[in-house]
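Q: Let's walk through this model together. Can you show me how to read its packing?

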Amino acid sequence: MDPTLQYLIDLLDLERIEQDIFRGASHASVIPRVFGGQVAAQALVAACRTVPGERLPHSLHSYFLRPGDPGAPIVYTVDRIRDGRSFTTRRVAAVQHGQAIFHLSASFQEPEEGLDHQVAMPDAPDPETLPPAEELLPRYADRFWDPGVVELLLEARRAIDLRYVADPPFATPGQAREPRSQVWFRIDGKLAGEHDTPVTHVVLGTYVSDMNLLDSVLLAHGRGGWMTGDIVGASLDHAMWFHRPFRADEWLLYDTDSPTSQGGRGLAQGRIFTRDGRLAVSVVQEGLMRVPRTLG
């Protein structure tokens with residue numbers, strides 16, 4: 001396995017301390033706190049470790065309570081809420097320095113047949129026609145509060161190939177646009193052997209889902225984001241529904257939009273499609289979105 005992909009797999013793996021208590025490592029983020037996608041993915045791993053293997057997550061609902069310390073491990077405690085005939089429910093608390101930083105509730109289901117329909121996948125160019133981050137980000141280094149942000153971003157997204165369909169928010173600060181964003185993404189490498197499981201793909205999808213979801217809120221107001229210094233923000237909550245199987249190491253289209261923002265908060269919703277048009281995941285997140293006082 002590619003070393004960068006192995007690093008990500010190892011990061012999302014957990015050490016079992018007791019039957020329902022696990023410990024996860026952290027790594028440096030672009031911002032001085034743990035990346036939200038990491039803690040959400042690790043919490044989901046903890047829940048999955050207490051559920052029969054044939055039951056996969058079909059939804060999760062979570063709250064970011066405090067900034068995580070990237071220099072300290074995170075302890076995950078799982079509460080076995082319910083084990084039913086078809087569904088299993090788990091609640092997970094992530095703790096650092098004696099305080100809860102994140103709560104997650106996840107529901108799992110036995111495989112089952114039923115009614116099936118979905119919305120159509122939106123149009124998007126092929127991902128191979130779009131520039132990778134290594135080409136895109138340096139073009140805008142002069143718009144970031146620190147040109148070194150480029151290297152920090154590339155490091156934070158190691159093992160993730162994420163390609164913007166249109167200009168990202170930091171490319172057009174000051175220019176309000178339609179509150180919609182699209183990216184193609186995949187894990188940069190192929191999963192195989194013991195790591196190539198449905199749960200692994202779901203966990204990796206959860207990890208990436210927090211990377212650019214709030215971009216659509218920024219676009220509506222012509223804000224470039226924290227990298228340009230014209231917004232201060234953080235994820236407040238995060239919900240996902242897993243509809244159909246997908247592979248995180250194959251191209252996925254993440255189509256997002258923002259229906260509203262108000263009161264220092266912005267709401268974003270997203271749909272993740274497989275390349276052949278199947279709706280795999282729905283995502284909703286509300287984020288803290290504050291304009292720095294110096295900007296008004």
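A: Start with the largest nonpolar core, meaning buried Ala, Val, Leu, Ile, Met, Phe, Trp, Tyr and Cys residues joined through side-chain atoms within 4.5 Å; here it has 74 residues, and L8, Y76, F102 and Y207 have the most contacts inside it. Buried means under 20% relative accessible area with a 1.4 Å probe, protein chains only. Helix α2 (residues 36–48) gives the most to this core, with nine residues; helices are DSSP runs of H or I, at least four residues, and strands are E runs of at least two, numbered from the N terminus. This is a predicted model, so local features need pLDDT of at least 70 and side-chain atom pairs 80 or more, while totals for chains, interfaces and linings use all residues. Residues are numbered from 1 along each chain, and side-chain values use heavy atoms, without hydrogens or water.

Q: How are two packed helices described?
A: By the angle between their axes and the distance between the axes. Helices α1 (residues 3–12) and α5 (residues 198–209) pack at about 95°, axes 11 Å apart, with axes fitted to C-alpha atoms over the stretch in contact and angles running from 0 to 180 degrees between N-to-C directions. They are therefore roughly perpendicular, the word for 65 to 115 degrees.

Q: Which residues in α1 and α5 meet?
A: L8, I9, L11 and L12 meet T200, V203, L204 and Y207, where contact means heavy atoms within 4.5 Å.

Q: Is R244 buried or exposed?
A: Buried, with a relative accessible area of 17%. R244 lies in the loop between β9 (232–242) and β10 (252–262), and its side chain reaches the backbone oxygen of L279 at 3.0 Å.

Methods. Buried < 20%, exposed > 50% of the residue type's maximum accessible area, 1.4 Å probe, protein only. Polar contact = N/O pair within 3.5 Å; in protein donor to acceptor, adjacent residues only side chain to side chain. Parallel < 35°, antiparallel > 145°, perpendicular 65-115°, else oblique.
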